[in-house]
Amino acid sequence: MLKYNNEMTFCNVQIKIIGILILIAIFPISDACAVSQTHSRAEIKRFSDARAQLARAESAEEIWDGIHAMETFRTEFPHTFLKGDATAQLFHSYRMVVDDAGFLLNLAQEAIALIPNRNGLYEQVVQTFVEKRLFPDQTLAYARKSLELAEKMHAQTGTYSRQIIRRRVLLSRSFQLADQREEALKVIRRSLQQAEALPVTAFPDKATRQKTVHGIRLDLLRLYIEQKRWDPAYELACDLLKNSVIRESVYELWSGAYVGKFGTADGIIYAYADLKDEIEESRRTRLIEERVMRPAPAFALKTLEDQQVSLDALKGKVVLLNFWASWCGPCLEELPQLEALTRTYKQESVAIIAVNLDTQEEGKRKDLISDTKERLAPSLTFLMGNDELRREFGFNNIPYTCIVDREGYIRYEKTGLSSDFKASIKDQLTWVIGLPEAE
């Protein structure tokens, strides 16, 4: 009887253990079922609409309206598979209208928890916290993670060189925020070396490469100034004023570096005058070097209204041709400057023409060009170019600008970006206009 009772007790214990194990197995499944992700056309559409609204937003009111739409989406679809994307989008938008540090940190942490391996998310968070000078230790940790993800993607695809360079700059700024000054300098110098070593083919175009390298040098100048390293700061500021394609941002930093180095602003106007003379002399030398003389390829291209424009029909005029594409940021920077030149040469026999090199289907391409024309250069003549014409003119990178004289010869050409684009084009146009016509 005792043996029987012992066996029954043992069986009961086993049954209880099995029951507990079953419950342990069931509860996580039940919990998972309770919060399983949803996936429907309705939520995809709502998310897309809210995201598009935020993408179009320009004013603070429009940003808030977009945020409201995205928050409403999160409320109505609490278990959506798009929750991480929605939270990341909200962080991107809130950072533009909210300065509450704790709120932004919580939102960033929520987004990272939902999509921990999203490559661009860490970069966005670091950029925000560096600019707002928040959470040095946390920002540094995120910056390291951001760089780690970029390096991992580069190892897999071989195409993340530029992202690595950009994230090293952010890592440098994060070290500076955390008051690790030597590390900050070490990292940004390495970033600059990497950028300078990359071939043009690693960038969309030569102009983007120029802007990237000069942008890092500008970040290095800011770092020197913040660390009160006045000698290298002043030397770099002078060099950037002479050679940078983004010189406009340098002037204020140059004056700060001057006062830091010499302890006073006394004499600054004389230093500036000397520097300005050097810049102008360098520009004049460059303008002469960029002058050429070779026959311009004949062309006949259509306008947006399908009217044909040919080089033969323009003979007798000085023709400025600017080749651009919608994906080329530096190209879009040049178009408003060309628009201003159309007013300067309104009374002259000059044709200023923007030749588009996009490859979309014709209807979409025309819409894109029309939008660009309306926004940036309404007075310019826009033509539909092609890759064959690019080969005939002999350039591989854009923006490319050339000036054709009255006889059909290219007398000036320029590829890439320059900080004095408008002034240089104006000087070259004046020179070509003044050339004697062939008898």
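This note goes through a predicted model of a single chain, point by point, from its overall form to a few individual residues.

1. Overall make-up. The model is a predicted one, and its chain holds 17 helices and eight strands. Of the 439 residues in the chain, 44% count as buried. The chain exposes about 23,700 Å², and carbon and sulfur atoms supply 52% of that area.

2. Dimensions. The C-alpha trace spans about 130 × 60 × 40 Å along its principal axes. The radius of gyration of the chain is 30 Å, whereas a compact globule of 439 residues would have a value near 22 Å. A reader new to the structure may wish to keep these two values in mind when turning the model on the screen.

3. Contacts and charges. If one takes the contacts between residues at least 6 apart in sequence, 67% of them join residues that are at least 24 apart. As for charge, the chain carries 58 positive and 62 negative side chains, and the centres of these two sets lie 4 Å apart.

4. Strand β7 and its cover. Strand β7 takes in residues 400–404, and five of its five residues are buried, so that the strand is described as mostly covered. Side chains in a regular strand alternate between the two faces of the sheet. In β7, Tyr400, Cys402 and Val404 point one way while Thr401 and Ile403 point the other way, and all of these residues are buried.

5. The partners of β7. On one side of the pairing list stands strand β4 (residues 318–324), which pairs with β7 in the antiparallel sense over five bridges; here Leu320 stands opposite Ile403 of β7. Strand β8 (residues 409–415) also pairs with β7, again in the antiparallel sense and over five bridges. Within that second pairing, Thr401 has Lys414 of β8 as its bridge partner, and Ile403 stands opposite Tyr412 of β8. Ile403 can thus be used as a point of reference, with Leu320 opposite it and Tyr412 of β8 opposite it as well.

6. The hairpin and the next strand. Strands β7 and β8 form a hairpin with four residues between them, and in the turn Gly408 has a positive phi of about 90°. Strand β8 is paired in addition with strand β1 (residues 291–295), in the antiparallel sense and over three bridges. In that pairing Pro295 stands opposite Tyr409 of β8.

7. The approach to β7. What is the form of the peptide bond from Ile398 to Pro399? This bond is cis, with omega near 0°. Pro399 itself lies in the loop between helix α16 (387–393) and strand β7, and the strand begins at residue 400.

8. Two residues with positive phi. Phe135, which is not a glycine, has a positive phi near 45°, and its place is the loop between α6 (119–132) and α7 (136–157). Phe135 is partly exposed, because its relative accessible area of 26% falls between the 20% and 50% limits. Asp306 likewise has a positive phi in a residue other than glycine, with a value near 65°, and lies in the loop between β2 (300–302) and β3 (308–310). Asp306 counts as partly exposed, since its relative accessibility is 42%.

9. Trp64 in helix α3. Trp64 is placed in helix α3, which covers residues 60–76. Is Trp64 buried or partly exposed? Its relative accessible area is 39%, and therefore it is partly exposed. When neighbours within four places in sequence are left aside, Trp64 is in contact with Tyr94, Val97 and Val98. The C-alpha atoms of Trp64 and Arg291 are separated by 52 Å, the two residues being 227 apart along the chain.

10. Ala52 in helix α2. Ala52 is found in helix α2 (residues 41–56). With a relative accessibility of 30%, Ala52 counts as partly exposed. Its C-alpha atom and that of Gly66, which is 14 residues away along the chain, are separated by 8.4 Å.

How values were computed: Residues numbered from 1 in each chain as written. Predicted model: local features only at pLDDT ≥ 70, side-chain atom pairs only at ≥ 80, totals over all residues. Heavy atoms only, no water. Rg over C-alpha atoms; globule rule 2.2 N^0.38 Å. Buried < 20%, exposed > 50% of the residue type's maximum accessible area, 1.4 Å probe, protein only. Contact = heavy atoms within 4.5 Å. Areas by Shrake-Rupley, 256 points an atom, 1.4 Å probe, with all protein chains shown as cover. Lys, Arg positive; Asp, Glu negative; His and termini not counted. Charge placed at Lys NZ, Arg CZ, Asp CG, Glu CD. Pairing = 2+ DSSP bridges.
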